[in-house]
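Thanks for coming. I will go through one structure today, element by element, and I will keep to what can be read off the coordinates.

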Amino acid sequence: MNRVYSVTQINAYIRRMFSSDYALNHIYIKGEVSNCKYHSSGHIYFSIKDAKSTLSCIMFANAKRDGLKFHMQDGQTVVVGGNINIFERDGTYQLYASEIILDGIGVLYEEYERLKMMLYEEGLFDHEIKKPIPKNPKKVGIVTAKMGAAIRDIVSIAKRRNPYVQLILYPAKVQGEGAGASVARGIHVLDGMDVDTIIIGRGGGSIEDLWAFNEEIVARAIYEAKTPIISGTGHETDTTIADYAADLRAATPSAACELAIPNIRDLMNEIHGYDYQLKQQMNLILADYQYRLKHYRNQINLLSPKNQLKQQKMRLEQLKLQLEHGIVHKQEQYRYLLQMYAEKLQRLSPLARLTGGYGYVTDEDGKPVLGIEQVKVDEILTVTFSDGQVEARTMDIKQNLIG
């Protein structure tokens with residue numbers, strides 16, 4: 001029977017074969033990145049593939065510091081340098097990367113990252129230098145292709161949102177050689193035309209199609225412009241250096257137009273709202289002044305000589321009524337006292353006693369007869385009763401024996 005080996009022995013043998021093969025220890029392989037994962041340990045796990053095959057790869061953290069100059073992501077075409085060896089535990093082989101270089105389009109990505117970092121460090125992307133976008137522009141400048149879909153969309157949206165805003169197009173070259181210089185020139189021209197806002201952009205495309213908006217000359221033109229600039233380049237997932245440099249980034253040219261030009265209906269509603277608030281405030285102020293005017297008018301009326309005279313007349317009438325009432329009251333009091341005194345005098349009057357058969361006797365001289373010693377026989381006496389007088393002649397005098 002032939003000799004039997006363990007799995008570990010075979011994997012170790014194959015590993016030694018891989019390690020001794022010079023070609024596999026110093027190899028560069030080109031492929032498209034897929035399943036790229038940055039691990040918390042600092043290692044990068046990914047695969048590279050072509051139309052028919054896939055190769056597993058790993059770049060350790062210590063190799064990444066010197067061997068990777070860009071942020072690797074799925075879809076990039078790269079050239080990976082390193083060595084191929086077997087992982088004994090799983091019996092799988094993989095490429096251990098020591099250097100990764102962008103290939104073709106990847107070179108553009110590398111240049112994009114390099115320029116973005118340089119301009120970032122210079123402060124061209126700082127939030128503090130961003131200019132506010134005018135709320136109600138009168139003129140909007142546009143830097144884009146004359147016949148592209150972007151200008152058609154912008155014009156259509158602008159007419160719908162606010163047909164009173166004037167659009168000024170600088171027909172720039174947005175793709176190919178000289179496109180970046182054309183876009184930068186358009187920014188400079190419109191910046192000198194006293195427009196309120198500038199829109200730059202174009203429709204979506206590949207990184208090569210959008211490259212004009214990744215050029216340094218465009219970023220610096222945006223930075224130097226005094227007019228606020230909105231960048232709407234490509235599709236929502238595309239981000240160019242112009243987007244970072246602009247005062248406001250929009251996902252698309254159409255979105256940039258919506259950010260630059262307010263909806264006139266919203267504006268009219270806002271104006272109507274302000275008009276209503278203004279009228280309400282005016283009514284409140286007018287009501288307050290009317291109340292104060294009425295108050296001051298009442299005060300003037302109260303302090304006027306005419307009103308003072310009227311008040312004094314009313315006071316005089318009141319005093320007159322009080323005086324008349326007092327006089328009548330006093331008259332009643334005195335009348336009552338007079339009646340009391342009259343009754344009292346009546347009771348004390350001699351005539352008051354001439355009732356019940358009593359009379360008042362006087363002699364011929366009119367002197368009162370107080371006793372019989374003043375009377376003579378055959379003398380004429382006058383007897384006064386309560387209801388009249390009687391003259392009588394004395395016939396006889398009889399003395400009262402009582403007492």
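Let me start with the closed barrel, which has five strands in the order β1-β2-β3-β5-β4, and the pairing in it is mixed. Please keep in mind that this is a predicted model. Neighbouring strands of the barrel sheet are turned against each other by 55° on average, with direction ignored.

One pair in the barrel is β1 with β4. Strand β1 covers residues 27–38 and β4 covers residues 77–87; the two run antiparallel and are joined by six bridges. If you want a place to look, find Ile 27, which stands opposite Gly 82 in β4. A helix also packs on this sheet: α1, residues 7–20, touches β4 and β5, and the direction of α1 makes about 135° with that of β4.

Now to the nonpolar cores. Which residues have the most contacts inside the largest core? They are Val 143, Val 183, Ile 187, Ile 200, Ile 222 and Ile 229, and that core has 33 residues. Several elements supply at least two residues each, including β7 (166–171), β8 (197–202) and α7 (216–224). The largest share comes from α6, with five residues.

Take Val 143 as an example. Leaving aside neighbours within four places in sequence, Val 143 is in contact with a set of residues that includes Tyr 170, Val 183, Ile 187, Leu 190 and Ile 200. Apart from the largest core there is another one, of 20 residues, and among them are Phe 18, Cys 57, Phe 70 and Val 80.

Next, a residue in a loop. Glu 215 is found between β8 and α7. Is Glu 215 buried, exposed or partly exposed? Its relative accessibility is 26%, so Glu 215 counts as partly exposed. Not counting residues up to four places away in sequence, Glu 215 touches Leu 115 and Gly 180.

From Glu 215 we can go to a pair of helices. The C-alpha atoms of Glu 215 and Asn 301 are 82 Å apart in space, and these residues are 86 apart in sequence. Asn 301 belongs to α10, where it takes part in the contact with α11.

How are two packed helices described? By the angle between their axes and the distance between the axes. For α10, residues 264–303, and α11, residues 305–348, the axes come within 5 Å and cross at roughly 60°. The two helices are therefore oblique to each other. On the α10 side the contact is made by Asn 301, Leu 302 and Leu 303, and on the α11 side by Pro 305, Asn 307 and Gln 308. By class, that gives three nonpolar, three polar and no charged residues.

Last, the strands β11, β12 and β13. Strand β11, residues 360–362, runs antiparallel to β12, residues 380–385, and three bridges join them. Within this pair, Val 361 has Val 383 of β12 as its bridge partner. On to β13, residues 388–393: six bridges join it to β12, again in antiparallel fashion. Thr 382 stands opposite Glu 391 in β13. The link from β12 to β13 is a hairpin through two residues.

The loop between β11 and β12 holds Leu 370. Leu 370 counts as exposed because its relative accessibility is 75%. Its C-alpha atom is separated by 9.7 Å from that of Tyr 360, and the two residues are 10 apart along the chain.

That is where I stop.

Conventions. Residues are numbered from 1 along each chain as its sequence is written. This is a predicted model: local features need pLDDT of at least 70, side-chain atom pairs count only at pLDDT 80 or more; totals for chains, interfaces and linings use all residues. Side-chain values use heavy atoms; hydrogens and water are left out. Axes are lines fitted to C-alpha atoms, for helices over the stretch in contact, and angles run from 0 to 180 degrees between N-to-C directions. Helices (H or I, at least four residues) and strands (E, at least two) are DSSP runs, numbered from the N terminus. Angles under 35 degrees count as roughly parallel, over 145 as roughly antiparallel, 65 to 115 as roughly perpendicular and the rest as oblique. Contact means heavy atoms within 4.5 Å. Ala, Val, Leu, Ile, Met, Phe, Trp, Tyr, Cys and Pro count as nonpolar, Asp, Glu, Lys and Arg as charged, and the others, Gly among them, as polar. A nonpolar core is a set of buried Ala, Val, Leu, Ile, Met, Phe, Trp, Tyr and Cys residues joined through side-chain atoms within 4.5 Å. Buried means under 20% relative accessible area, exposed over 50%, partly exposed in between (1.4 Å probe, protein chains only). Two strands pair if DSSP finds at least two bridges between them.
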